[in-house]
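Visitor: I'm new to this one, and I'd love a plain walk-through. Please begin with whatever term I'll need along the way.

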Amino acid sequence: AGGGLSARESRRTRGTMVLIHCKYKGEEQQFLYETTVEIGVKDLIKELVEVHNLRLRIQRLKSEGDDLATHGPCKPLDKQGLDEDIQAEADGVELPPRGPTYCKDPIGKRTGEAPVPQAQATLRKALDDAAAAASKKQVEAKHPLTKRELVEHIDLIRGAVMIAYPMGLPEYDPVRIDIEEDEKPSETPIGIDILDETAQLWWAGKQMLPGNKLSVHVGRNEKTKVVAKLTKKGAGAPQRENPITPEEHKAMLAYYHKRQEEMKHLEQNDEDDYTNSAWANSRALKNHFSGVGGGRGVAYRGLGGRSSGFNGGQTF
């Protein structure tokens, strides 16, 4: 029907979507994703890989984009790492005057021609918002990610870069490369964590087969939550997670260390001052019932309901 919600959008509105807690390698690469039990595992892997790669893309844009806002565009590859001032002095030439926003790059990778402060602020805000949207903290906030949301943030970064550099960035600038297209899987430091559609999805120590529907593996309950892991093809089953978190491990170590110190102190203490403690008093029970040492004692009621003497509520 025109203008109506799709079956998937309708389930999301009712809060009856399967929630996938997707992980890859370390703790940094994780996110939540909503889907349905009717989806094929092959299609689910494709969607999870797209979100995973978009998160990596935003992380790269955040890192390189901050440098762009501070130190300007990249130098040509054959000139990166060279100090222009030292080179000009050695060649006996004078460098042209620099603009008011010039900020020298200490590693010599970028030109130093930073954008104006207003454009810097716009670019940094777009980068910060995108990084927050792709952060693993979204898992703690129970916010599922979508491809559309992440692509919109990349588009905002693209717009901010166009405002800062209307003439465009050089084709070898990493920011331009990541804005225009995603990196391909490779063995380089950048491409090693990027996945493609041949990735494998694992749940409960078993691989989810691409030819099955998700319901074959997790059942037909749309309110299921699944912790699944992505791996590269042929990488085998992912390593099982520790039964306790690092924070719980630290707390346990602190407790046992404290307990060990207490026991060590008790072993060294061979005095009999413990006899003055309330728990070591052999008359504690008698004193409690007789009202000595803070006890309330025992009261008996006599005939007629009045308290007098032994038959009237005298306290022992």
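Guide: Let's settle three words: a residue is buried when its relative accessible area is under 20%, exposed when it is over 50%, and partly exposed in between (1.4 Å probe, protein chains only). What you see is a predicted model, where local features need pLDDT of at least 70, side-chain atom pairs count only at pLDDT 80 or more, and totals for chains, interfaces and linings use all residues. Residues are numbered from 1 along each chain as its sequence is written, and side-chain values use heavy atoms, with hydrogens and water left out.

Visitor: How many helices and strands does the protein have?

Guide: Both are DSSP runs, numbered from the N terminus: helices are H or I with at least four residues, strands are E with at least two. By that count, the protein has ten helices and five strands.

Visitor: What percentage of the 316 residues is buried?

Guide: Start with the outside: the protein exposes about 20700 Å², and carbon and sulfur atoms supply 54% of it. Those areas come from the Shrake-Rupley method with a 1.4 Å probe, and for residues only the protein chains shown count as cover. As for the inside, the buried share of the 316 residues is 31%.

Visitor: Which element gives the largest share of the largest nonpolar core?

Guide: A nonpolar core is a set of buried Ala, Val, Leu, Ile, Met, Phe, Trp, Tyr and Cys residues joined through side-chain atoms within 4.5 Å. The largest one here has 45 residues, and those with the most contacts inside it are Ile20, Leu48, Ile157, Val161, Leu201 and Leu214. Elements giving two or more residues to this core include β1 (18-23), α2 (41-71), α6 (147-164) and β5 (225-231). The largest share, eleven residues, comes from α2.

Visitor: Which residues is Ile157 in contact with, leaving aside its neighbours within four places in sequence?

Guide: Contact means heavy atoms within 4.5 Å. Ile157 is among the core residues with the most contacts inside the core. With those sequence neighbours left aside, the partners of Ile157 are Leu61, Leu123, Ala126, Leu127, Ala130 and Ile179.

Visitor: His153 next: is it buried or exposed?

Guide: His153 is found in helix α6. Beyond neighbours within four places in sequence, His153 is in contact with Asp129, Ala130 and Ala133. Because its relative accessibility is 15%, His153 counts as buried.

Visitor: Where is the place of Ser186?

Guide: Ser186 is partly exposed, at 23% relative accessible area. Not counting residues up to four places away in sequence, it touches Gly191, Ile192 and Lys232. Its place is in the loop between α7 and β3 (200-203).

Visitor: How many disulfides does the structure hold?

Guide: A disulfide is a pair of cysteine sulfur atoms within 2.5 Å. Cys22 is buried, with a relative accessible area of 0%, and Cys74 is buried too, at 2%. As for disulfides, the structure holds zero.

Visitor: How many residues apart in sequence are the parts that Glu50 and Lys147 tie together?

Guide: The structure holds 15 salt bridges, each a side-chain nitrogen of Lys or Arg within 4 Å of a carboxyl oxygen of Asp or Glu. One of them joins Glu50 and Lys147, at 3.6 Å from N to O. Glu50 lies in helix α2 and Lys147 in helix α6, so the parts they tie together sit apart in sequence by 97 residues.

Visitor: Which helix do Asp129 and Lys125 both lie in?

Guide: These two form a salt bridge, with their closest N and O atoms 2.8 Å apart. Asp129 is partly exposed at 33%, whereas Lys125 is exposed at 53%. They are four residues apart, about one turn, and both lie in helix α4.

Visitor: What separates Glu180 and Arg176 in helix α7?

Guide: Their side chains meet in a salt bridge, 2.9 Å from N to O. Glu180 is exposed at 55%, while Arg176 is partly exposed at 29%. Because they are four residues apart in the helix, what separates them is about one helical turn.

Visitor: Which residues make the nonpolar surface patch of about 350 Å²?

Guide: Patches take residues with over 30% relative accessible area and no salt bridge, joining like charges within 9 Å and nonpolar side chains (Val, Leu, Ile, Met, Phe, Trp, Tyr) within 5 Å. One member, Tyr256, lies in helix α9 (residues 246-268) and is exposed at 51%. The full patch is made by Met252, Tyr255 and Tyr256.
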